[in-house]
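Reader: I should like a close look at one part of this model, namely the strands and what packs against them. Please set out the pairing and the surroundings in one connected account.
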Amino acid sequence: MNKFKTAAITILSEVKEPLHYKEITRLALEKGILETEGATPDASMNAQIVMDIKNKGKKSDFTKTAPSTYAL
């Protein structure tokens, strides 16, 4: 599984509430769950979650609860 999606699942499992993708990324980086050399990790996180929802539909691990905000 993609490291961004794995990090998002870990963070969302811990907090048990919907979070904005920037907050998911911030927490994942702070906790050392996600390591990246990229300049825009929050944009990468959002893109990975959005594509997972688009490609898998109802089978996706993620649910969009508000603009740019996701839950499991």
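How many bridges join strand β2 (residues 63-66) to strand β3 (residues 69-71), and do the two run parallel or antiparallel?

Author: The model is predicted, and local features need pLDDT of at least 70, side-chain atom pairs count only at pLDDT 80 or more, while totals for chains, interfaces and linings use all residues. Numbering starts from 1 along each chain as its sequence is written, and side-chain values use heavy atoms, without hydrogens and water.

Strands β2 and β3 are antiparallel and are joined by three bridges; pairing requires at least two DSSP bridges. Strands here are DSSP runs of E with at least two residues, helices runs of H or I with at least four, numbered from the N terminus. Within the pair, Thr-63 faces Ala-71 of β3. Two residues separate the strands in this hairpin, where Ser-68 adopts a positive phi near 60 degrees.

The hairpin belongs to an open, three-stranded sheet with antiparallel pairing and the order β1-β3-β2. Its edges are β2 and β1 (19-20), each of which pairs on one side only. Against this sheet packs α3, which touches both β2 and β3 (contact: heavy atoms within 4.5 Å). The direction of α3 makes about 60 degrees with that of β3; axes are lines fitted to C-alpha atoms, for helices over the stretch in contact, with angles from 0 to 180 degrees between N-to-C directions.

Helix α3 also packs with α1, at an angle of about 85 degrees and with the axes 9 Å apart. The two helices are therefore roughly perpendicular (65 to 115 degrees). On the α1 side the contact involves Phe-4, Lys-5, Ala-7 and Ala-8, and on the α3 side Pro-41, Ser-44, Met-45, Gln-48, Ile-49 and Asp-52. By class, six of these residues are nonpolar, two polar and two charged.

Further contacts converge on Ile-24. Apart from neighbours within four places in sequence, Ile-24 is in contact with Ala-8, Ile-11, Leu-12, Leu-19, Met-45 and Ile-49.

Methods
Angles under 35 degrees count as roughly parallel, over 145 as roughly antiparallel, 65 to 115 as roughly perpendicular and the rest as oblique. Ala, Val, Leu, Ile, Met, Phe, Trp, Tyr, Cys and Pro count as nonpolar, Asp, Glu, Lys and Arg as charged, and the others, Gly among them, as polar.
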